[in-house]
Amino acid sequence: MLEDVTPMGLLSLLLAASPTATAVKLWATSYNDHALYTLNLAHEGLTVTSKSLDCGSEPTWMTLDKGKSTLYCLNEGWGGQGGLTSYKVNEDSTLKTVDILPILKSPVSATLYGPNNNGLAIAHYDTSTFSSFDVKDTSKLALSQNETYTMAGPGPVPDRQDVPHLHHTIIDPTNKFMVVPDLGADRLHVYALQKGSIKWTEIDPVVALPGSGPRHGVFATAGPQTFFYVLNELSNTISGYKVTYAQDKLKMTLLFNFSSHGPGGSVPAGTKAAELKISPDQRFVIASSRGENSLMMPNLDPRNSTAVPSDPLITFKIDGSTGALAHVQTAAAGGRNPRGFNINKAGTLVASALQDDNRVVVFERDVCSGELVGVVGWATVGEGDGNGPNYTLFDE
């Protein structure tokens, strides 16, 4: 039984199943020591192998162009100046800085798009801006377009919806459109991408539920059908949409909206829904939730028997015929404040960044059931109290 296997035993099984039986490489960004870490997951566990300070004062979201051996890192720049850093990825996943470009404050998400991934689209939270950059030459990053939004007045949650707050960038399955959730304006901004170019044109937005605060979203395809799921930070809900295409437009029809814990679920006061990911096989979505401390898990340090609090990672299975989501599992995220997490391409591993615990935890995941099975490695990442690792990404 897998539950009877030790963490290192689980890792040995996973590595042995790999055709190359090599270690797994990943990265994590941490606010409190302003660092981007390279980590190595091997039979010995998860270890830090190097770190870079060139992503700036508040490094966060990372985007990998594997074909160009290039990693992009965003600096939120809480002091007023954001940044975009490009790195050359070495064979051992260590990084060599290529270019650093000052950009608008508070870039929180980025995605590659366009011919040969020559465009990088970025959502800016505090500055209410959607921007795109020409990254054809990774040593000469340059602004291509931007659009800044305003609101006539505050939204239903005035302390969080004072201005537009763009929070994610998502390419649709046709590679013809981009969707950007706006937590402040309760909108899903939609952009049509110009064929053969990195230019874009804004089209009609999708109006989200009032006071929901859409934060992160994913597309899912099932045969001829396409669905879109968005995790709402302010209402702590998940909204599901049916996606249709007509006359060069992307349209969404609301299918459901329920708690981030599933229909009938609830969360404690102060909870903030965070990240949403789709499994590589398009069969499951996983959401992370912050500020709950609703679960207790065994201490990851074998020398300490004291259980530790954890926020959850919540898994749902997609009904390919209707787009409905069915709750599968609520599992410990590895600690407190899982602001960002990621799934490897095989769907067998999930890496979680625990911002309040200075910890990155890697879980084994059952591809068939969608459930997290057990911890296969963890490492201390970040230095200082709180505001530690906020995002993690596999090198693949």
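What percentage of the 396 residues in the chain is buried? Buried residues make up 57% of them, where buried means under 20% relative accessible area, exposed means over 50% and partly exposed lies in between (1.4 Å probe, protein chains only). The legends below begin with the whole chain and then move to close-up views.

This is a predicted model, in which local features need pLDDT of at least 70 and side-chain atom pairs count only at pLDDT 80 or more, while totals for chains, interfaces and linings use all residues. Residues are numbered from 1 along each chain as its sequence is written, and side-chain values use heavy atoms, with hydrogens and water left out.

**Figure 1. The whole chain, with one helix and 30 strands.** Helices (H or I, at least four residues) and strands (E, at least two) are DSSP runs, numbered from the N terminus. Along the principal axes, the C-alpha atoms occupy a box of roughly 55 × 50 × 40 Å. The radius of gyration of the chain is 20 Å, which agrees with the value near 21 Å for a compact globule of 396 residues; the radius is taken over C-alpha atoms, and the globule rule is 2.2 Å times the number of residues to the power 0.38. Take the contacts between residues at least 6 apart in sequence: 50% of these join residues at least 24 apart, a contact being heavy atoms within 4.5 Å. About 15,700 Å² of the chain is exposed, and carbon and sulfur atoms supply 52% of that area; accessible areas come from the Shrake-Rupley method with a 1.4 Å probe, and for residues only the protein chains shown count as cover.

**Figure 2. Strand β2 and its two antiparallel partners, β1 and β3.** Start with β2 itself, residues 35-42, where eight of the eight residues are buried. A35, Y37, L39 and L41 point one way from the strand, L36, T38, N40 and A42 point the other way, and all are buried. Strand β1 (residues 24-30) is joined to β2 by seven bridges; two strands pair if DSSP finds at least two bridges between them. One place to look is S30, whose bridge partner in β2 is A35. The β1 and β2 hairpin has four residues between its strands, and H34 in the turn has a positive phi of about 60 degrees. On the β3 side (residues 45-52), the antiparallel pairing runs over seven bridges, and L41 stands opposite L46. Here the hairpin connects β2 to β3 through two residues.

**Figure 3. D92 in the loop between β6 (82-89) and β7 (95-103).** D92 counts as partly exposed, at 39% relative accessibility. Which residues does D92 contact, leaving aside its neighbours within four places in sequence? They are K25 and T38. L39 makes a handy landmark for this view: D92 and L39 are 53 residues apart in sequence, with 10.0 Å between their C-alpha atoms.

**Figure 4. Two loop residues with positive phi, D186 and N387.** Most residues other than glycine have a negative phi. D186, not a glycine, has a positive phi of about 50 degrees, and sits in the loop between β13 (177-182) and β14 (187-193). N387, also not a glycine, has a positive phi of about 50 degrees, and its loop lies between β29 (372-380) and β30 (389-394). Are these residues buried or partly exposed? D186 is buried, with a relative accessible area of 4%, whereas N387 is partly exposed, with a relative accessible area of 35%.

**Figure 5. Strand β28 (residues 359-365), largely enclosed by the rest of the structure.** Seven of the seven residues of β28 are buried. On one side are R359, V361, F363 and R365, on the other V360, V362 and E364, so that both faces are covered. Strand β27 (residues 349-354) pairs with β28 in the antiparallel sense over six bridges, and A351 of this pair stands opposite V362. Four residues lie between the strands of the β27 and β28 hairpin, where N358 takes a positive phi near 50 degrees. Continuing to β29, the pairing with β28 is antiparallel over seven bridges. R365 has L372 in β29 as its bridge partner. The hairpin of β28 and β29 has six residues between its strands, and G370 takes a positive phi near 85 degrees there.
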